[in-house]
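Q: I am new to this structure and would like a close look at one part of it, the lining of its largest pocket. Please start there, and then follow the elements involved outward into their surroundings.

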Amino acid sequence: MKNVEAVPMPEVSSLVARLDGGRLVLEGTMATQNPAADLGPFFKAFHQAIVQDRLKEIVVDVTKLTFVNSSAIRLFVDWTTWIRKEEASPYRLAFVTDPALTWQKTTFPVLKNLAPSVVFLKPS
Amino acid sequence: MIWDRNAARSQAPGAALRATGPAKSLVRVACDAGGTPTELLLEFLSKYTSQRYPGQLGQRLPVAAYELIENGIQYGSVAKEVIFEMLERDGWVELRVTNHAVPARVSRLREQIGKIAADPSKAYAEAMQRSMSGGKPMLGLARVSHECRMELYLEEGSVGEVLVVARCRR
């Protein structure tokens with residue numbers, strides 16, 4: 001976890017990102033005008049750190065992520081693509097979701113279907 | 001703005017369901033076509049709709065509004081404003097986004113809305129798939145129909161004016 005713990009968290013006012021017991025917790029909203037520019041570098045650096053640390057799984061808790069715009073949904077899609085291309089040290093992406101939030105109920109099952117060997121869902 | 005209903009036409013399946021009764025306008029916002037929906041607008045719509053429509057509808061409407069406006073800005077002319085309006089009519093809630101676009105973009109938009117209206121779930125999955133392969137997914141519009149469970153249709157007015165409407169029962 002050495003590299004993962006060293007990744008600077010993104011500085012976006014509407015979003016709180018933190019590590020809690022080895023899991024990435026995302027709280028708030030991801031609705032910036034350009035999520036790829038504002039948050040993309042963080043997710044990429046986080047992915048690379050996971051690979052360097054040779055982790056087999058990372059848990060991402062999104063239960064308090066109340067709104068994500070469609071451009072930000074693409075960040076999660078991109079993340080799964082990076083993992084699928086990672087031959088040396090692939091890992092599992094386990095999302096802890098809140099089925100009461102409509103966007104999570106509709107988005108994550110589709111993501112799971114598109115990348116079944118990468119994405120795993122854990123209802124809260 | 002005067003909307004030329006006689007000139008309106010659409011190939012989207014939802015067009016046949018167009019409502020014509022008297023409308024009660026609730027929210028009207030003009031957005032800078034050079035920008036994108038702000039978090040402030042999202043916050044306002046979230047508070048407003050959660051008070052007016054308690055429950056799931058109040059949660060779904062701001063998402064739909066945000067994505068429709070973003071789509072209108074993305075595919076519209078940069079020289080014109082994007083107008084967002086929320087209204088009630090005949091027991092329906094309607095979200096309406098008006099902008100101006102070149103014919104090629106309108107054609108693509110009409111085709112996309114037709115696919116979404118035919119099978120929202122499939123269209124959403126396909127949009128995610130396109131996103132995965134690096135294409136332009138039009139995920140936002142698919143989301144309006146699949147996630148927010150709203151009917152979508154498109155109308156064209158004169159001189160490049162385009163109206164995208166999403167609606168659902170109150």
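A: Helix α2(B) gives the most to the lining of the largest pocket, with six residues, and this, like everything that follows, is read from a predicted model. The space in this pocket comes to about 460 Å³, and 22 residues line it, with Ser70(A), Ser71(A), Arg74(A), Glu70(B) and Gln74(B) lying nearest its centre. Both chains therefore take part in the lining, as the elements that each supply at least two residues to it are α2 (35–38) and α4 (70–85) of chain A together with α2 (56–75) and α5 of chain B.

From the pocket, helix α2 of chain B leads on to an enclosed space. A search of the whole structure finds one cavity of 30 Å³ or more, and the volume of the largest cavity is about 40 Å³. Its lining consists of Asn71(B), Gly72(B), Val97(B), Asn99(B), Leu109(B), Val162(B) and Val164(B). In terms of elements, α2, β3 (92–100) and β5 (161–169) of chain B each supply at least two residues of that lining, and α2 of chain B is also among the elements that supply at least two residues to the lining of the pocket.

The strand β3 of chain B can also be followed back to the loop before it. Asp90(B) is found in the loop between β2 (82–89) and β3 of chain B, and its phi is near 50°, a positive value in a residue other than glycine. Most residues other than glycine have a negative phi. With a relative accessibility of 45%, Asp90(B) counts as partly exposed.

The other helix of chain B named for the pocket is α5, which spans residues 139–146 and holds Ser145(B). Is Ser145(B) buried or exposed? Its relative accessibility is 7%, so Ser145(B) counts as buried. Beyond its neighbours within four places in sequence, Ser145(B) is in contact with Ile116(B), Pro120(B), Met150(B) and Leu152(B). With Met150(B) there is also a polar approach, since a polar atom of the Ser145(B) side chain lies 3.3 Å from the backbone oxygen of Met150(B). Looking further along the chain, the C-alpha atoms of Ser145(B) and Ala64(B) are separated by 8.3 Å, although the two residues are 81 residues apart in sequence. The loop between α5 and β4 (151–156) of chain B contains Arg149(B), whose phi, near 55°, is again a positive value in a residue other than glycine. Arg149(B), with a relative accessible area of 49%, is partly exposed.

Turning to chain A, the surroundings include a sheet. It is an open sheet of five strands in the order β1-β2-β3-β4-β5 (chain A), with mixed pairing. Strands β1 (15–20) and β5 (119–123) of chain A stand at its edges with a single partner strand each, so one side of each is left without a neighbour in the sheet. From one strand to the next, the twist averages 20°. Helix α5 (residues 102–114) of chain A packs on the sheet, where it touches β3, β4 and β5 of chain A, and its direction makes about 145° with that of β3(A).

Going through the pairings in order, β1(A) and β2(A) are antiparallel and share six bridges, with Arg18(A) standing opposite Val25(A) in β2(A). These two strands form a hairpin with two residues between them, and Gly21(A), in the turn, has a positive phi of about 60°. Strand β2 (residues 23–30) of chain A is mostly covered, as six of its eight residues are buried. Its pairing with β3(A) is parallel and has six bridges, and there Gly28(A) stands opposite Leu65(A). Strand β3 (residues 57–68) of chain A in turn runs parallel to β4 (residues 92–97) of chain A, to which five bridges join it, and Ile58(A) faces Leu93(A) across that pairing.

One residue of strand β3 of chain A deserves a separate look, namely Thr63(A). Its side chain makes a polar contact with the side chain of Asp61(A), at 2.6 Å. Apart from neighbours within four places in sequence, Thr63(A) is in contact with Val96(A), Thr97(A), Asp98(A), Leu101(A), Gln104(A) and Ser124(A).

Note on methods: Residues numbered from 1 in each chain as written. Chains lettered and ligands numbered in written order. Predicted model: local features only at pLDDT ≥ 70, side-chain atom pairs only at ≥ 80, totals over all residues. Heavy atoms only, no water. Pairing = 2+ DSSP bridges. Helix = DSSP H or I, 4+ residues; strand = E, 2+ residues; numbered from the N terminus. Axes fitted to C-alpha atoms, helices over the stretch in contact; angles between N-to-C directions. Contact = heavy atoms within 4.5 Å. Buried < 20%, exposed > 50% of the residue type's maximum accessible area, 1.4 Å probe, protein only. Polar contact = N/O pair within 3.5 Å; in protein donor to acceptor, adjacent residues only side chain to side chain. 1 Å grid on protein atoms, 1.4 Å probe; cavity = no way out; pocket = protein on both sides within 12 Å on 5 of 7 lines; lining within 4 Å. Points joined across faces, edges and corners; volume = space filled by probe spheres on them.
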